[in-house]
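Me: Please take a close look at one part of this model, the largest nonpolar core and the sheets and helices around it. I would like a connected account of how that part is put together.

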Amino acid sequence: MSEYLGVQAFAEELGFSTATIYKLINHKDESQRLEPINRLTHRGDGGYKFAIEYVEKIKTQLVKKDLRVSDVARILNRSKAYVHQLLKSGQITYYEGYYQGHKTFFIKKEDLDKYISKMGMSKNKTLLIYDKEREIFLFQPFYLNGELARVIKIQKNHQGKTKVELRTRQEVFSYEEATNAGWKPGVKIISRKPIGTYGNAVFEFPKPIDLDSSIYRIIEEFFKAAGPKNLKITLSDEKIKVLVKRIVIKEGLHPDLLDRMRNGIQSGEIDLTNEGLLISPGYSTIHVPDKLRQKLVEAANQRGVSLEDYLELFCLPEKLN
């Protein structure tokens with residue numbers, strides 16, 4: 001075996017692309033620069049060469065040992081801007097280092113685990129409200145011989161595989177077990193296009209104990225009218241929070257459901273119109289110059305929050321809060 005490695009073999013040993021190796025050979029920061037044994041004579045030697053023992057030495061400098069911001073964003077199912085905000089606010093401990101020649105933030109797995117545990121979150125899985133492939137939505141009702149079951153969990157792991165669980169009053173079982181046993185969906189929805197209007201109406205309900213609760217039926221109506229692309233649902237041990245874009249529920253709702261919906265709304269408006277029940281964010285239109293709007297959007301992105309949250313949290317005087 002040769003005592004030296006060419007660029008291709010060296011890149012394979014490190015798990016990098018050859019383009020990254022060439023970039024690091026000419027890195028402007030000498031402390032991060034790769035040093036082949038023949039920098040000055042590589043053209044005549046048929047390319048750059050690296051000593052075999054150099055591989056292990058350089059791995060300690062270039063191969064990442066801990067998580068980067070992109071890794072944490074994927075695990076938490078949030079944006080990189082959101083993770084940067086967590087780091088800057090001190091909610092997750094981090095340190096700075098170099099990876100592939102670039103200065104970056106690193107997070108130790110145990111520090112991320114501490115944050116996940118503190119927030120009561122589920123790690124390494126993505127929580128979903130809709131499985132497009134099988135057209136299943138969160139809290140969707142299924143029936144078998146008059147018995148009711150509901151979808152209680154839709155999760156995606158790192159390999160992209162989606163797991164769906166249903167629950168009856170007595171047991172929990174997978175979607176595959178449900179279909180094999182003959183369970184059929186009681187409600188189906190259409191995956192509608194994203195609604196372009198700004199803002200959401202916000203509802204908060206106590207987490208139901210009864211599978212036939214009116215709260216689940218209200219959420220079904222939201223899914224039917226809005227489609228999954230215009231809904232956000234967050235769950236805690238005690239509450240269900242629902243954000244919904246401007247929609248019209250055309251089918252008449254039972255008075256009890258309407259009262260429960262009115263009791264649950266936190267922000268936004270519910271109005272009976274000629275078209276049906278209108279649910280809207282309740283915002284008035286304010287016109288601002290494009291340059292000012294762009295500055296506000298950039299400021300919100302830097303803090304990892306929505307424009308709405310940025311205006312409320314950082315722009316309103318305290319006396320208006």
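Reply: What follows starts with the core, goes through the sheets and helices around it, and ends with a few features elsewhere in the chain.

The model is predicted. Its largest nonpolar core has 31 residues. Those with the most contacts inside this core are Phe203, Phe222, Ile233, Val242, Met261 and Ile279. Two helices and five strands are named as giving two or more residues each: helix H8 (214-226) and helix H9 (255-264), together with strands S13 (201-206), S14 (231-235), S15 (239-244), S16 (247-249) and S19 (277-280). H8 supplies the largest share of the core, 8 residues.

Phe203 is a useful place to start. Leaving aside residues up to four places away in sequence, Phe203 touches Phe222, Ile240, Lys241, Val242, Val244, Met261, Gly264, Ile265, Gln266, Ile270 and Ile279. Among these partners, Phe222, Val242, Met261 and Ile279 are also listed with the most contacts inside the core. In general, nonpolar side chains in soluble globular proteins tend to be buried together.

Now the sheets. One is an open sheet of 4 strands in the order S14-S15-S13-S17, with antiparallel pairing. S14 and strand S17 (265-267) stand at its edges with a single partner strand each, so one side of each has no neighbour in the sheet. On average, neighbouring strands here are turned by 25° against each other, direction ignored.

Inside this sheet, S13 and S15 are antiparallel and pair over 6 bridges. Phe205 stands opposite Ile240 in S15, and Ile240 is also one of the residues that Phe203 touches. On the way to the edge, S14 and S15 run antiparallel and are joined by 5 bridges. These two strands form a hairpin with 3 residues between them. Two of the facing pairs can be named: Lys232 stands opposite Leu243 in S15, and Thr234 stands opposite Lys241 in S15. Lys241 is again among the contacts of Phe203.

Another open sheet has 3 strands in the order S16-S19-S18, also with antiparallel pairing. S16 and S18 are its edge strands, each pairing on one side only. Neighbouring strands of this sheet are turned by 25° against each other on average, direction ignored.

Strand S18 (residues 269-272) pairs with S19 in the antiparallel sense over 4 bridges. Ile270 has Ile279 in S19 as its bridge partner, and Phe203 touches both Ile270 and Ile279. Glu269 stands opposite Ser280 in S19. The hairpin of S18 and S19 has 4 residues between the strands, and in it Gly276 takes a positive phi near 145°.

The helices come next. H8 lies across S16 and S19 and runs at about 120° to S16. H9 lies across S16, S18 and S19, and its direction is about 150° to that of S18. H9 also packs on the sheet of 4 strands, where it touches S13 and S17 and makes about 105° with the direction of S13. H9 therefore touches strands of both sheets, S13 and S17 in one and S16, S18 and S19 in the other, given that contact means heavy atoms within 4.5 Å.

Outside this part, there is a second, separate core of 16 residues that includes Phe16, Leu34, Tyr48 and Ala51. Elsewhere, helix H1 (residues 7-14) packs with helix H2 (residues 18-25) at an angle of about 100°, with their axes 9 Å apart. H1 is therefore roughly perpendicular to H2, since angles of 65 to 115 degrees count as such. From H1, Val7, Gln8, Phe10, Ala11 and Leu14 meet Thr18, Ile21 and Tyr22 in H2. The residues of this contact divide into 6 nonpolar, 2 polar and no charged.

Two loop residues complete the account. Most residues other than glycine have a negative phi. Glu135, in the loop between strand S6 (130-131) and strand S7 (136-137), has a positive phi near 55°. Phe139, in the loop between S7 and strand S8 (141-144), has a positive phi near 75°. Their surroundings are opposite: Glu135 is exposed, with a relative accessible area of 52%, whereas Phe139 counts as buried because its relative accessibility is 5%, and buried means under 20%.

Technical notes. Residues numbered from 1 in each chain as written. Predicted model: local features only at pLDDT ≥ 70, side-chain atom pairs only at ≥ 80, totals over all residues. Heavy atoms only, no water. Buried < 20%, exposed > 50% of the residue type's maximum accessible area, 1.4 Å probe, protein only. Core = buried A, V, L, I, M, F, W, Y, C linked by side-chain atoms within 4.5 Å. Axes fitted to C-alpha atoms, helices over the stretch in contact; angles between N-to-C directions. Parallel < 35°, antiparallel > 145°, perpendicular 65-115°, else oblique. Nonpolar A, V, L, I, M, F, W, Y, C, P; charged D, E, K, R; others polar. Pairing = 2+ DSSP bridges.
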